[in-house]
Amino acid sequence: MVKEVVEYLKNSEELKDKEIIIDYMPSQTGTFCLKAKKFEPVAERYVDGGEIRRYECTFCMREAYTFDNLQNGENCRILEALCECIEKWEKEGFYPKGQKFVKVEVTSGIYIISNDVSTAEYALDIRFLYIK
């Protein structure tokens, strides 16, 4: 599932040529990471045995961090564009390959997970729902 999610996110113009690392965020700026979240995998269970399952993750990027609010806001541009892509793809019914997806949604605003004096890890939470 993780490989399919990474390939799906790389359909975004801003990420198409970028490396997305799994579960590890390097310290250098301009890096991207996909981290699985803790979640209950079954979203809905039906009497016929069918299930709607979920996969939840946090998409992260590391960028320069300053005391300039305008610059810090500009750092979020890639994540904002990714949000717009996911919303557009959802309306078009464009989903990752490999599962029968029924919904992909951004479940958070953009936020900072951590920062030091020169860099910050910006993040966005995403939920994938699919039929099993």
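A disulfide is a pair of cysteine sulfur atoms within 2.5 Å, and by that criterion the structure, which is a predicted model, holds zero disulfides. Cys33 takes part in none, since the nearest cysteine sulfur, that of Cys60, lies 5.2 Å away, and that distance can be set against the cut-off of 2.5 Å. Cys33 counts as buried because its relative accessibility is 0%. For Cys76 the closest cysteine sulfur belongs to Cys83 and is 9.8 Å away, which is too far for a bond; Cys76 is likewise buried, with a relative accessible area of 12%.

From the cysteines we can turn to the nonpolar interior. The largest nonpolar core has 29 residues, and those with the most contacts inside it are Leu9, Leu34, Phe59, Ile126 and Phe128. At least two residues of this core are supplied by each of helix H1 (2-9), strand E2 (31-36), strand E4 (51-64), helix H3 (77-92), strand E5 (100-106) and strand E7 (119-131), and the largest share, seven residues, comes from H3. Phe128 shows how such a residue is surrounded: once its neighbours within four places in sequence are left aside, Phe128 is in contact with Val5, Tyr8, Arg53, Arg54, Tyr55, Cys57, Pro96, Phe101, Lys103 and Val104.

One of these contacts of Phe128, Arg54, deserves a description of its own. Arg54 has its place in strand E4, and a polar atom of the Arg54 side chain lies 2.7 Å from the backbone oxygen of Glu40, while the same side chain also reaches the backbone oxygen of Val42, at 3.3 Å. Not counting residues up to four places away in sequence, Arg54 touches Phe39, Glu40, Pro41, Val42 and Ala43, as well as Arg127, Phe128, Leu129 and Tyr130.

Arg54 also belongs to the charged pairing in the model, for Arg54, Glu56, Glu105 and Arg127 are linked in a network of salt bridges. Side chains of opposite charge can pair when their charged atoms come close. Within the network, Glu105 forms a salt bridge with Arg127, in which the closest N and O atoms are 2.8 Å apart; this pair links distant parts of the chain, with Glu105 in strand E5 and Arg127 in strand E7, 22 residues apart. Glu105 is partly exposed because its relative accessible area is 22%, and Arg127, at 23% relative accessibility, therefore counts as partly exposed as well.

In total the structure holds nine salt bridges, and Glu121 takes part in a pairing with Lys35, whose side chain meets that of Glu121 at 2.7 Å, N to O. Here too the pair links distant parts of the chain, as Lys35 is in strand E2 and Glu121 in strand E7, 86 residues apart. Glu121 also forms a salt bridge with Arg62, where the closest N and O atoms are 3.5 Å apart; this second pair links strand E7, which holds Glu121, to strand E4, which holds Arg62, across 59 residues.

How do the three residues stand with respect to solvent, buried or partly exposed? Glu121 counts as buried because its relative accessibility is 4%, and Arg62, at 9% relative accessibility, is therefore also counted as buried. Lys35, at 23% relative accessibility, counts as partly exposed, so the salt bridge between Lys35 and Glu121 pairs a partly exposed residue with a buried one.

Definitions and conventions. Residues numbered from 1 in each chain as written. Predicted model: local features only at pLDDT ≥ 70, side-chain atom pairs only at ≥ 80, totals over all residues. Heavy atoms only, no water. Core = buried A, V, L, I, M, F, W, Y, C linked by side-chain atoms within 4.5 Å. Buried < 20%, exposed > 50% of the residue type's maximum accessible area, 1.4 Å probe, protein only. Helix = DSSP H or I, 4+ residues; strand = E, 2+ residues; numbered from the N terminus. Contact = heavy atoms within 4.5 Å. Polar contact = N/O pair within 3.5 Å; in protein donor to acceptor, adjacent residues only side chain to side chain. Salt bridge = Lys/Arg side-chain N within 4 Å of Asp/Glu carboxyl O.
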